[in-house]
Amino acid sequence: MSIHTSNSEIVKSAAMKIHDWPTGPYPARVRIALAEKELQSRVQFVTVHLRKGEHKRPEFLAKNYSGTLPVLELDDGTFIAECTAITEYLDALDGSPTLTGRTPREKGLIHMMNKRAELELLDAISVYFHHATPGLGPDVEIYQNAEWGSRQRDKALRGMNYFDGVLKQQPFVAGELFSMADITVIGGLIFAGLVELPVPAQCEALQAWYARMQQRPSVKNRVTMSEALTLPAG
Ligand SMILES: N[C@@H](CCC(=O)N[C@@H](CS)C(=O)NCC(=O)O)C(=O)O
């Protein structure tokens with residue numbers, strides 16, 4: 001099977017690997033994108049144990065300098081890290097982008113809202129987790145700054161209020177269509193659940209949107225999607 005891109009370049013249907021951790025909020029973003037694009041069968045998952053700090057070891061840092069998950073490995077040995085970059089790659093594969101925008105306007109709005117979802121919500125919760133909670137444990141969290149972490153928690157709560165306001169005006173984070181920006185806010189709320197940071201009661205539009213998002217099969221099945229497709233790390 002081959003997949004045609006919009007400029008007629010043929011991308012061979014080679015196997016891809018995703019290095020990730022099944023329950024991680026950032027890995028969830030790529031898992032949801034894979035399921036939305038119906039690409040699961042082309043991927044094998046490699047589990048990298050976050051709590052054992054496998055993502056900070058030299059073998060993994062050679063794949064991703066930043067020492068974070070997920071990482072996409074192509075069959076020619078290319079490694080693509082960063083959820084946004086991986087999602088853009090996956091979305092471009094079939095020449096029919098459904099997650100990152102079809103027109104210049106859609107692309108611009110989705111990229112902006114996706115970045116906002118990272119800055120104002122998901123990344124802020126991540127900093128809170130790593131700095132103001134035990135995080136991944138003392139072997140991994142070698143430097144913590146609790147005050148900085150708490151400030152990021154407050155920033156995330158402000159972010160929830162912001163996205164609530166957005167979703168009062170439109171059905172999805174970047175407008176009328178489901179996109180990568182929705183996936184990133186979903187990642188943020190998955191992380192919020194893990195750190196027990198509830199969406200404030202007054203954020204009714206955000207809560208209603210999240211209830212709708214949790215009904216999507218891509219979101220519901222994200223953790224179990226790797227069960228038959230997992231390789232040991234190595
Ligand atoms: N900007 C990165 C962030 C990825 C990230 O922080 N991933 C988490 C996994 S849920 C991680 O690797 N955390 C380990 C750590 O920071 O030590 C992306 O978008 O992919």
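Helices here are DSSP runs of H or I with at least four residues, strands are runs of E with at least two, and both are numbered from the N terminus. With that in hand, let's work through the model, which is a predicted one.

**Two positive phi angles**

Task: Find where Glu 196 lies in the chain, and decide whether it counts as buried or exposed.

Solution. Start with the location: Glu 196 sits in the loop between α6 and α7 (204–213). Next, look at its backbone: phi is positive, about 55°, although the residue is not a glycine. Last, count neighbours: a residue is exposed if 12 or fewer other C-beta atoms lie within 10 Å of its own. Glu 196 has 7 C-beta neighbours inside 10 Å, so it counts as exposed.

Task: Carry out the steps for Glu 38: which loop holds it, and is it buried or exposed?

Solution. Glu 38 belongs to the loop between α1 and β4. It is not a glycine, yet its phi is positive, at about 55°. Inside 10 Å there are 10 C-beta neighbours, and therefore Glu 38 counts as exposed.

**A strand and its partners**

Task: Determine which strands pair with β3, and in which sense, parallel or antiparallel.

Solution. Take β4 (residues 43–47) to begin with: β3 (residues 16–20) pairs with it in the parallel sense, over five bridges. Two residue pairs help you locate this on screen: Lys 17 stands opposite Gln 44, and Asp 20 has Thr 47 as its bridge partner. Now turn to β5 (residues 71–73), where the pairing with β3 is antiparallel and runs over three bridges. Here His 19 stands opposite Val 71. As for burial, β3 is mostly covered, with four of its five residues buried.

Task: Work out the handedness of the crossover from β3 to β4.

Solution. Trace the chain out of β3, through α1 and into β4. This β-α-β crossover is right-handed.

**The residue before β3**

Task: Explain why Ala 15 is classed the way it is, and list what it touches beyond its sequence neighbours.

Solution. Place it: Ala 15 lies in the loop between β2 (10–12) and β3. Count: 11 other C-beta atoms are within 10 Å, so Ala 15 is exposed. Then leave out residues up to four places away in sequence, and the contacts that remain are Arg 42, Gln 44 and Asp 75. For a long-range check, compute the C-alpha separation between Ala 15 and Gly 149, which comes to 39 Å for residues 134 places apart along the chain.

**A cis peptide bond**

Task: Find the configuration of the peptide bond from Leu 69 to Pro 70.

Solution. Go to Pro 70 in the loop between α2 (58–61) and β5. Omega is near 0°, and the bond is cis. Leu 69 is also one of the residues closest to the ligand.

**The ligand shell**

Task: Describe the shell around the ligand: how many residues, which classes, and which domains?

Solution. The ligand is surrounded by 13 residues, and the closest are Gly 24, Tyr 26, Thr 68, Leu 69 and Cys 83. Sort the shell by class to get eight nonpolar, four polar and one charged. By element, α1 (residues 25–36) contributes the most, with three residues. By domain, at least three residues come from each of domain 1 (2–97 + 220–231) and domain 2 (104–216).

**Where the domains meet**

Task: Quantify the contact between domain 1 and domain 2, and find which helix leads on the domain 1 side.

Solution. The C-alpha centres of the two domains are 21 Å apart. In contact are 13 residues of domain 1 and 16 of domain 2. On the domain 1 side, α1 and α3 (83–92) each supply at least two residues. The largest share belongs to α1, with six residues. By class, that side divides into six nonpolar, three polar and four charged residues.

**The covered face of a helix**

Task: List the buried residues of α3 and say what covers them.

Solution. The buried set is Cys 83, Ile 86, Thr 87, Glu 88, Leu 90 and Asp 91. To read the spacing, recall that an α-helix has 3.6 residues a turn, so residues three or four places apart point the same way. The cover over the buried residues of α3 includes α1, β5, β6 (79–81) and α6 (180–194).

Definitions and conventions: Residues are numbered from 1 along each chain as its sequence is written. This is a predicted model: local features need pLDDT of at least 70, side-chain atom pairs count only at pLDDT 80 or more; totals for chains, interfaces and linings use all residues. A residue is near a molecule or strand if its C-beta atom, placed from the backbone, lies within 6 Å of it. Ala, Val, Leu, Ile, Met, Phe, Trp, Tyr, Cys and Pro count as nonpolar, Asp, Glu, Lys and Arg as charged, and the others, Gly among them, as polar. Domain bounds come from an automatic or database domain assignment. Two residues are in contact if their C-beta atoms, placed from the backbone, lie within 7 Å. A residue is buried if 20 or more other C-beta atoms lie within 10 Å of its own, exposed if 12 or fewer, and partly exposed in between; C-beta atoms are placed from the backbone. Two strands pair if DSSP finds at least two bridges between them. A crossover is right-handed if, with the strands pointing away from the viewer, the path from the first strand over the helix to the second runs clockwise.
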